[in-house]
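Work through the exercises below with the sequence and the model side by side. Each task is followed by its solution.

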Amino acid sequence: MSGRTVLVTGGAGYIGSHCTVELLEAGYNVVALDNFINSVPGHGLPPSLERVQQITGKNIIFYECDLLDKLGLQRIFQEHNIDCVIHFAAIKAVGESMQFPLLYYKNNLIATINLLEVMEAHNVYQLVFSSSCTVYGNPESLPITETHPTGDVTNVYGRTKHFIEGMLKDISVANKKWNFIALRYFNPVGAHPSGLIGEDPTKAFTNIMPYMAQVAIGNKPYLTIFGGDYDTEDGTGVRDYIHVMDLAKGHVAALDKLHREHQRIKIYNLGTGNGVSVLQLLRTFESVTKSKIPFQICDRRDGDIVSMYANATLAENELGWKAKFTLPQMCADFWRWQTMNPDGYRKCTDENGSPIRKSNNGHSITQNSRRNGEMENAKQNGHQQRNGDSLKQNGHTPCILTNITENGH
Ligand SMILES: NC(=O)c1ccc[n+]([C@@H]2O[C@H](COP(=O)([O-])OP(=O)(O)OC[C@H]3O[C@@H](n4cnc5c(N)ncnc54)[C@H](O)[C@@H]3O)[C@@H](O)[C@H]2O)c1
């Protein structure tokens with residue numbers, strides 16, 4: 001058991017919430033923050049993290065906080081003995097990043113600079129950064145290793161990841177105390193096998209699996225496939241889909257590595273190494289879910305990459321990590337989440353973001369939670385309480401200190 005305390009930025013989001021399950025299971029104490037720019041708020045804990053507590057029977061400390069609010073962030077570091085950080089918080093919609101580049105540069109770059117400055121001020125030097133295979137641009141060779149050139153990025157979102165990687169390299173040279181791991185994710189899909197947590201963005205989404213599932217349940221008429229004449233086996237684009245729980249385990253392996261070894265900065269691909277075409281994914285999804293997914297093939301989009309899949313042997317050799325879940329498991333787990341929660345987490349909250357129902361002790365009651373006494377641990381220990389007021393200092397974005405602790409304070 002680790003016993004160390006990790007700050008998870010963007011903890012209410014898709015990968016952050018799944019990773020928190022693995023961190024709690026590995027014995028980490030988790031302090032999470034999020035500003036809900038792309039996740040569903042709750043009353044106290046966001047529903048995604050409420051369900052993480054339900055899955056693990058362990059408690060999470062959560063703050064509604066924007067990383068652009070440096071004072072709010074400082075207060076969190078003052079309040080807790082943070083040992084290390086996993087930095088998920090970012091906005092990630094490629095199309096939106098081209099329309100609103102300043103929003104992306106501000107949110108992703110300034111937020112990261114604030115985080116690094118506050119970490120340094122509190123002598124916290126271990127950080128795992130969520131990077132992306134998008135930093136490789138159009139691949140020169142496949143499968144892609146970490147030594148493949150980077151920087152020829154086709155969109156603003158990807159450039160923010162590339163800039164941050166560069167920034168981490170620079171500051172690790174300037175101050176030898178820093179110890180960074182940047183994980184370049186390929187294409188995360190799937191959901192926790194319980195069906196309790198999954199992907200539920202609040203911004204418009206274009207990720208393929210949520211879209212496929214929306215078509216399968218009849219919420220959207222068909223799937224649009226961009227490009228059917230690429231030089232691939234069936235003419236559609238090829239990607240390396242990785243189960244989000246495999247990805248989550250990769251973060252625990254990375255934190256262990258940071259704890260054991262001081263390498264200043266290391267970069268690892270997290271992928272399966274398998275290239276899967278859009279049509280192969282669609283056929284697998286149909287067969288696993290016993291559904292029919294109508295699709296239309298349209299023209300290629302500018303800037304789309306034909307084929308991209310990882311060589312992930314460095315992570316296997318140095319982190320002792322390897323993706324285990326198969327493509328059918330990724331589809332089955334996503335489908336379970338989708339069918340158990342057709343409206344995502346939104347059914348857990350009313351239009352103001354408050355829980356729909358509350359039990360006597362103030363816990364919000366979600367669709368599946370606490371029905372079978374599964375929440376005993378959280379019930380006994382995890383009384384939820386808003387114990388901080390909204391902060392508004394010097395025009396900063398308010399940071400609501402919503403702290404859920406073992407003793408309820
Ligand atoms: N999902 C993917 O396909 C993918 C692929 C490669 C890399 N990544 C990276 O992984 C990380 C997590 O991605 P995800 O899929 O979980 O996205 P997500 O949008 O579900 O989660 C990100 C969370 O960060 C929060 N956030 C954003 N800006 C913030 C800020 N300034 N302050 C506080 N919270 C903020 C959002 O509200 C959201 O809950 C991101 O950095 C993303 O760029 C994701």
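The exercises cover the ligand shell, a helix pair, unusual backbone angles and one loop glycine.

The model is predicted: local features need pLDDT of at least 70, side-chain atom pairs count only at pLDDT 80 or more, and totals for chains, interfaces and linings use all residues. Residues are numbered from 1 along each chain as its sequence is written.

**Exercise 1.** Find how many residues surround the ligand and which element gives the most to the shell.

Solution. Count a residue as near the ligand if its C-beta atom, placed from the backbone, lies within 6 Å of it. This yields 29 residues, and the closest are Gly10, Gly13, Ile15, Ser39 and Ala90. Next, assign elements, where helices (H or I, at least four residues) and strands (E, at least two) are DSSP runs numbered from the N terminus. H1 (14-25), S2 (29-34), H5 (101-121), S5 (126-132) and S7 (187-189) each supply at least two shell residues. H1 gives the most, with three. Finally, sort by class: Ala, Val, Leu, Ile, Met, Phe, Trp, Tyr, Cys and Pro are nonpolar, Asp, Glu, Lys and Arg charged, and the others, Gly among them, polar. The shell has 16 nonpolar, 10 polar and three charged residues.

**Exercise 2.** Determine which residues of H3 meet which residues of H5.

Solution. Take two residues as in contact if their C-beta atoms, placed from the backbone, lie within 7 Å. Lys70, Leu73, Gln74 and Phe77 of H3 then meet Asn114, Leu115 and Val118 of H5. By class, this contact has four nonpolar, two polar and one charged residues.

**Exercise 3.** Locate the cis peptide bond and the positive phi angles at Phe36 and Lys290.

Solution. Start from the general rule: most residues other than glycine have a negative phi, and most peptide bonds are trans. The bond from Leu142 to Pro143 is cis, with omega near -10°, and Pro143 sits in the loop between S5 and H6 (156-174). Phe36 has a positive phi of about 65° and lies in the loop between S2 and H2 (47-56). Lys290 has phi near 55°, in the loop between H9 (278-289) and S13 (295-298).

**Exercise 4.** Is Lys290 buried or exposed?

Solution. Count other C-beta atoms, placed from the backbone, within 10 Å of the residue's own: 20 or more is buried, 12 or fewer exposed, in between partly exposed. Lys290 is exposed because it has 8 such neighbours.

**Exercise 5.** Describe the surroundings of Gly235.

Solution. Gly235 is in the loop between S8 (223-226) and S9 (238-239). Gly235 is partly exposed because it has 15 C-beta neighbours inside 10 Å. Leaving out residues up to four places away in sequence, Gly235 touches Gly228, Asp229 and Tyr230.

Methods
Near = placed C-beta within 6 Å.
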